[in-house]
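Subject: Structure handover and notes

Dear colleague,

I am passing on the structure below, together with an account of what turned up when I went through it. Please read the notes with the coordinates open beside them.

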Amino acid sequence: MRDVSTSLDITSGLLEDRRTLWVVAALIAVLFAIANLPWQLDDYDQAKQAFTSFEMVKEGHWLYQHTPHERVATKPPLIGWMSVALFAVTRSWEIAWRLPSLVAALALAFVLFHAAKDAYGKVPAVIAVGAFGLNLLSPRLATLVRTDMPLALLIFLIGLLIWQKVRHEDEWKLRDQVYVFVLLTAAMLIKGPIVYAFLLPGIAVFQLRRRRTRPPGAPKTNSGSAWPGWWPWVASLAIFLIWVGGGIQFQPGFYEEVVMREFVGRFGETIHRPQPLLFYLPHLLHKFAPWSVLMIGIAAVGLRSRNWRLRSVFRGMSPETFWLLCWSIGGLVVMSLIPSKRVDRIFPVIPPLCLLLASQIAARNSCSNGPAGRSSRLRVSNEDLGIIALALAILFTGGYTGWKVITGYRDHRDALAVFGRNIRHEAEAHHWRYEVVSAKDEGLLLYLRKTNFVKPADAVTEWNTGNLDALVASKEKAAVLIPDLQGAALSRLQSNEREQHHQGRGYVLITRQPRADSH
């Protein structure tokens with residue numbers, strides 16, 4: 001009969017090996033960098049987010065921006081400011097738009113690993129960082145032109161500070177409260193009060209349990225408390241409300257678009273398409289697999305060892321683990337209660353779930369340090385399951401990401417971006433004055449580095465008065481415009497036909513016919 005310690009030594013040694021960590025970290029970094037190749041702005045409202053920083057540079061609108069279709073932008077401007085600063089350094093909009101999310105993703109992985117290692121050891125930390133990087137959500141959001149990843153980093157840093165206070169039973173000092181205030185304010189200026197939904201429910205449940213488990217007659221103290229005090233929350237909200245008040249006062253349409261449609265409308269079922277109450281649960285199980293399955297399996301084994309007595313599990317749970325549970329589940333529950341849902345909005349619960357998984361792995365290992373036999377088999381099984389989950393995640397996430405990249409280039413998913421780049425090069429070479437006729441694709445403006453569309457009638461007027469040398473228009477509008485444009489002809493430049501099948505439309509470049517040379 002094979003000695004179970006042999007399996008344990010091999011498995012534990014593999015996870016303890018420094019090379020394993022470097023391989024996992026390098027793979028995660030590569031997946032983060034390439035997952036959205038070829039880069040384009042045609043989905044997930046990326047063009048809206050990218051346009052905010054572009055408008056800041058071109059129009060000087062630093063506090064309140066617009067969408068490419070001239071509606072009021074609904075997000076606060078912090079990420080736009082970051083992109084402007086990066087553009088000033090790199091002179092590349094593609095890097096400036098995507099680097100905030102990529103840096104946030106790498107920073108999150110780094111902080112998560114070190115927090116898990118300090119608390120639970122290297123093996124649970126490797127599994128935790130693998131869980132964060134090797135799923136279907138993190139690589140996708142790592143270079144997406146959106147605010148989800150930076151917001152998740154800030155929420156995680158706040159939750160992590162609470163976790164450290166609970167774990168070490170430390171008191172909240174003024175320095176800690178200032179730290180929370182700064183992070184909350186930054187989160188508010190990225191996506192508004194949604195940060196509350198991911199933190200306050202968990203804090204409330206944790207504090208309720210802490211109050212109930214306090215021994216009778218014990219003095220009240222904030223040692224080990226999850227509540228940092230009122231003023232960081234109130235002060236950060238006040239700063240956000242100043243921004244909102246300024247928008248209502250000075251920005252036409254702000255109240256209707258931001259307050260009523262973007263915020264109040266999320267809680268109704270008329271403006272945004274509502275989703276079922278349990279919408280997030282199956283998506284989270286799928287997008288976070290195989291780690292979600294591993295977490296459920298470890299929890300089920302632990303519950304079975306206590307004869308399925310749930311109260312016994314909670315009574316034996318450490319305060320820091322209970323906080324991780326409250327933090328993760330609290331955000332999931334509150335976000336599920338909001339009718340308007342989209343899968344990426346639940347991403348901030350992923351990092352605390354990874355830390356909770358590290359806690360599960362460490363707890364199972366400590367419970368297995370008994371004599372040989374059943375306890376040793378449990379320990380071996382737990383270590384092996386971690387390796388199996390890591391291997392499956394590498395194969396599944398790596399394979400899926402690679403397939404998405406390959407098919408993206410094969411199907412010319414960036415056709416519109418390439419089309420816009422080619423037109424910019426042609427316009428620069430020929431010194432053309434050109435405009436873009438109003439179109440549905442918001443990213444087209446950014447590909448052509450323009451701040452607004454022109455109406456067809458205005459395009460005709462500008463063309464016939466000699467103020468334009470070229471026009472970009474959809475094929476449908478081009479067919480209507482060309483008879484009214486003096487000396488106009490279709491250029492050879494047009495968006496790729498194959499991608500046009502996916503987008504449902506194509507674009508062409510209209511130029512002036514070359515004048516006949518006199519001999």
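A cavity, as the word is used here, is a set of points on a 1 Å grid over the protein atoms alone where a 1.4 Å probe fits but cannot get out. With that meaning, a search of the whole structure finds one cavity of 30 Å³ or more. Please keep in mind throughout that this is a predicted model.

To set the scene, the secondary structure of the protein comes to 23 helices and four strands, and of its 519 residues 51% count as buried. Among the contacts between residues at least 6 apart in sequence, 75% join residues that are at least 24 apart.

To return to the cavity, the largest one holds about 40 Å³ of space, and its lining is made up of Q49, I79, S83, W97, P100, S101, V145 and R146. Sorted by class, that lining has four nonpolar residues, three polar ones and one charged one. Helices α4 (78-90) and α5 (93-120) each supply at least two of the lining residues, and the largest share, three residues, comes from α5.

One of the lining residues is Q49, which is found in helix α3 (residues 46-59). Is Q49 buried or exposed? Its relative accessible area is 13%, and because buried means under 20% relative accessible area, Q49 counts as buried. If its neighbours within four places in sequence are left aside, Q49 is in contact with K75, I79, G80, V145, R146 and T147; I79, V145 and R146, which appear among these contacts, are also listed in the lining of the largest cavity.

A second glutamine, Q251, has its place in the loop between α11 (231-250) and α12 (254-263). Q251 is buried because its relative accessible area of 14% falls under the 20% cut-off. Again leaving aside the neighbours within four places in sequence, Q251 is in contact with Y64, H66, V72 and G246.

The strands form the other part of what I looked at. An open sheet of four strands has the order β1-β2-β4-β3, and its pairing is mixed. The edge strands are β1 (434-436) and β3 (488-494), each of which pairs on one side only. On average, and with direction ignored, neighbouring strands of this sheet are turned by 30° against each other. Helix α19 (residues 415-430) packs on the sheet, where it touches β1, β2, β3 and β4, and the direction of α19 makes about 125° with that of β3.

Within the sheet, β4 (residues 507-512) runs antiparallel to β2 (residues 470-474), and five bridges join the two. In this pairing A473 stands opposite V508 in β4, while the bridge partner of A470 in β4 is T511. Strand β4 is also joined to β3, by four bridges, and these two strands likewise run antiparallel; here the partner of L490 is I510 in β4. How much of β4 is covered? The strand is mostly covered, with five of its six residues buried.

With regards

Note on methods:
Residues numbered from 1 in each chain as written. Predicted model: local features only at pLDDT ≥ 70, side-chain atom pairs only at ≥ 80, totals over all residues. Heavy atoms only, no water. Pairing = 2+ DSSP bridges. Axes fitted to C-alpha atoms, helices over the stretch in contact; angles between N-to-C directions. Contact = heavy atoms within 4.5 Å. Buried < 20%, exposed > 50% of the residue type's maximum accessible area, 1.4 Å probe, protein only. 1 Å grid on protein atoms, 1.4 Å probe; cavity = no way out; pocket = protein on both sides within 12 Å on 5 of 7 lines; lining within 4 Å. Points joined across faces, edges and corners; volume = space filled by probe spheres on them. Nonpolar A, V, L, I, M, F, W, Y, C, P; charged D, E, K, R; others polar.
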